[in-house]
Amino acid sequence: MVAEPEQRWLTNDELSAWRAFMRLAQRLPASLEAQLQRDARLSFLEYYVLAHLSEQPDRRARMSELAALANTELSRLSHLIGRLEKRGFACREPDPGNGRYTQAILTDAGFAHLESVAPGHVERVRELFADPLTPAELRTLRRIADKVLARVDDQAE
């Protein structure tokens with residue numbers, strides 16, 4: 001007979017850290033979303049996708065790559081890009097390298113809108129996230145995030 005492993009409960013310190021992290025994971029994006037909605041009429045995810053497109057060669061990326069980056073399903077991303085298309089911020093075209101794929105493209109109007117709202121968003125990120133931490137704390141947080149994300153990615157495979 002195989003003995004079942006004993007249940008591993010979180011210690012008080014682990015539970016306290018977990019709860020603090022979960023509050024942060026819920027409240028920080030909500031606060032950033034509120035700022036983006038107020039100042040740019042964009043959701044946090046819309047801004048994130050536009051910002052990513054702005055950093056790509058020719059301001060374009062495959063929809064499948066954007067979906068993976070945004071951690072969302074392709075159908076949800078398609079609706080998001082559709083909303084951005086209605087505002088003139090993005091468009092879609094077949095991938096010239098492989099017509100089986102579709103690329104999302106940041107338009108000039110989308111780039112201009114992003115340029116106009118980015119300073120306010122960056123200031124809000126700085127105010128809520130970067131300014132309260134020392135450079136050493138930011139480096140530690142980066143190492144912690146990388147370590148946890150590596151474990152998450154390993155478990156997903």
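Student: In which loop does R59 lie?

Tutor: In this predicted model, R59 lies in the loop between α2 and β1. The backbone there merits attention: R59 is not a glycine, yet its phi is positive, at about 55 degrees.

Student: Which other residue, in the loop between α1 and α2, should be read alongside it?

Tutor: That residue is R41, in the loop between α1 and α2 (44-54). Phi of R41 is near 55 degrees, again a positive value in a residue other than glycine. R41 counts as exposed because its relative accessibility is 59%, and exposed means over 50%.

Student: How many salt bridges are there in the model?

Tutor: A pair is counted when a side-chain nitrogen of Lys or Arg lies within 4 Å of a carboxyl oxygen of Asp or Glu. By this rule there are nine salt bridges. One of them joins R60 and E93, whose closest N and O atoms are 3.5 Å apart.

Student: Why does the pair of R60 and E93 tie together parts that are 33 residues apart in sequence?

Tutor: The reason lies in the placement of the partners: R60 belongs to strand β1 (residues 60-62) and E93 to strand β2 (residues 90-94), so the salt bridge ties together parts 33 residues apart in sequence. As for accessibility, R60 is partly exposed at 23%, and E93 is likewise partly exposed, at 35%.

Student: What separates R124 and E127 within their helix?

Tutor: About one helical turn separates them, because R124 and E127 are three residues apart in helix α5 (residues 108-130). Their side chains meet in a salt bridge, with an N to O distance of 3.2 Å. R124 has a relative accessible area of 23% and is therefore partly exposed; E127, at 43%, is partly exposed as well.

Student: Where do R142 and D146 lie, and how many residues apart are they?

Tutor: Both lie in helix α6 (residues 135-156), four residues apart, which is about one turn of the helix. The side chains of R142 and D146 meet in a salt bridge at 3.0 Å, N to O. The two partners fall into separate accessibility classes: R142 is exposed at 56%, whereas D146 is partly exposed at 37%.

Student: At what angle do α1 and α5 pack?

Tutor: One reads the angle between N-to-C directions, on a scale from 0 to 180 degrees. For α1 and α5 the angle is about 150 degrees, and their axes are 10 Å apart. An angle over 145 degrees counts as roughly antiparallel, so α1 is roughly antiparallel to α5.

Student: Is the crossing of α1 and α5 left-handed or right-handed?

Tutor: The crossing of α1 and α5 is right-handed.

Student: Which residues make the nonpolar surface patch?

Tutor: The patch is made by L10, W18, F21 and L24, and its area is about 420 Å². Among these residues, W18 lies in helix α1 (residues 12-40). W18 counts as partly exposed because its relative accessibility is 45%.

Student: What distance separates the C-alpha atoms of S75 and S64?

Tutor: The C-alpha atoms of S75 and S64 are separated by 10.0 Å, and the two residues are eleven residues apart along the chain. S75 is found in helix α4 (residues 74-86). With a relative accessible area of 43%, S75 is partly exposed.

Notes:
Residues numbered from 1 in each chain as written. Predicted model: local features only at pLDDT ≥ 70, side-chain atom pairs only at ≥ 80, totals over all residues. Heavy atoms only, no water. Patch = residues over 30% accessible without salt bridge, like charges linked within 9 Å, V, L, I, M, F, W, Y side chains within 5 Å. Areas by Shrake-Rupley, 256 points an atom, 1.4 Å probe, with all protein chains shown as cover. Helix = DSSP H or I, 4+ residues; strand = E, 2+ residues; numbered from the N terminus. Buried < 20%, exposed > 50% of the residue type's maximum accessible area, 1.4 Å probe, protein only. Parallel < 35°, antiparallel > 145°, perpendicular 65-115°, else oblique. Left-handed = near helix turned anticlockwise from the far one by under 90°.
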